[in-house]
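I opened the model today to look up its cysteines and its aromatic rings. My notes follow the order in which I checked things.

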Amino acid sequence: QVQLVESGGGLVQPGGSLRLSCAASGSIFSTYVMGWYRQAPGKQRDLVASITSSGSTNYADSVKGRFTISRDNSESTVSLQMSNLKPEDTALYYCNARKGWRIVYEYWGQGTQVTVSS
């Protein structure tokens, strides 16, 4: 089992930046693919970015060039650096941990709110 705690959300003006962090505990962090998802009211929860244990990354088209995901396996943390924020980035952001093949283990944090507004 993995426990995930997000932090760093808040209110920011369009064009501004925020850095979200996720601290993991309870399992072997380095074996998990880590990701950030977001969900706005009335919309699906979508993948924002993911990163493997070796550092390979994947981004949603809407955030490419603006967001950067990173992880520190020694500290069991994953971060999302968000730049040039837009109002459409407003959402509840969730940290996700996943591993497995035939049987998949998946865990979620409680979420942290990001609001981009002037």
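These entries cover the disulfide, then the ring pairs, then the arginine beside the rings.

**Entry 1: disulfide**

I am working from a predicted model. I looked for disulfides and found 1. Cysteine 22 and cysteine 95 form it, with their sulfur atoms 2.1 Å apart. I then asked where the two partners sit. Cysteine 22 is in strand E3, residues 18–25. Cysteine 95 is in strand E9, residues 91–100. The pair links distant parts of the chain, 73 residues apart. Next I looked up the torsion about the S-S bond. It is about -85°, so I noted the disulfide as left-handed. Are the two cysteines buried or exposed? Both cysteine 22 and cysteine 95 are buried.

**Entry 2: tyrosine 32 and tyrosine 107**

I moved on to the aromatic pairs and found 3 in the structure. A pair of rings is described by the distance of the centres and the angle of the planes. For tyrosine 32 and tyrosine 107, I read centres 6.2 Å apart and planes at 65°. Angles over 60 degrees count as edge-to-face, so this pair is edge-to-face. Tyrosine 32 lies in the loop between E3 and strand E4 (33–39). Tyrosine 107 lies in strand E10, residues 104–108. The pair therefore ties together parts 75 residues apart in sequence. I checked burial for each ring. Tyrosine 32 is buried, at 3% relative accessible area. Tyrosine 107 has 17% relative accessibility and counts as buried.

**Entry 3: tyrosine 37 and tryptophan 108**

I took this pair next. The ring centres of tyrosine 37 and tryptophan 108 are 4.9 Å apart. Their planes stand at 65°, so I logged the pair as edge-to-face. Which strands hold the two residues? Tyrosine 37 is in strand E4, and tryptophan 108 is in strand E10. The pair therefore ties together parts 71 residues apart in sequence. Tyrosine 37 counts as buried, at 17% relative accessibility. Tryptophan 108 has 34% relative accessibility and counts as partly exposed.

**Entry 4: cluster and arginine 45**

I checked how the rings group. Tyr37, Tyr94 and Trp108 form one aromatic cluster. Then I asked which rings have arginine 45 over their face. Tyrosine 94 is one of them, with arginine 45 at 3.7 Å from the ring centre. Arginine 45 also lies over the face of tryptophan 108, at 4.7 Å from the ring centre. I noted that these two rings, of Tyr94 and Trp108, belong to the cluster above.

Notes:
Residues are numbered from 1 along each chain as its sequence is written. This is a predicted model: local features need pLDDT of at least 70, side-chain atom pairs count only at pLDDT 80 or more; totals for chains, interfaces and linings use all residues. Side-chain values use heavy atoms; hydrogens and water are left out. A disulfide is a pair of cysteine sulfur atoms within 2.5 Å. Helices (H or I, at least four residues) and strands (E, at least two) are DSSP runs, numbered from the N terminus. Buried means under 20% relative accessible area, exposed over 50%, partly exposed in between (1.4 Å probe, protein chains only). Rings of Phe, Tyr and Trp (its six-membered ring) pair if their centres lie within 6.5 Å; planes under 30 degrees apart count as stacked, over 60 as edge-to-face and the rest as tilted. A charge sits over a ring if NZ of Lys or CZ of Arg is within 6 Å of the ring centre and within 35 degrees of the ring normal.
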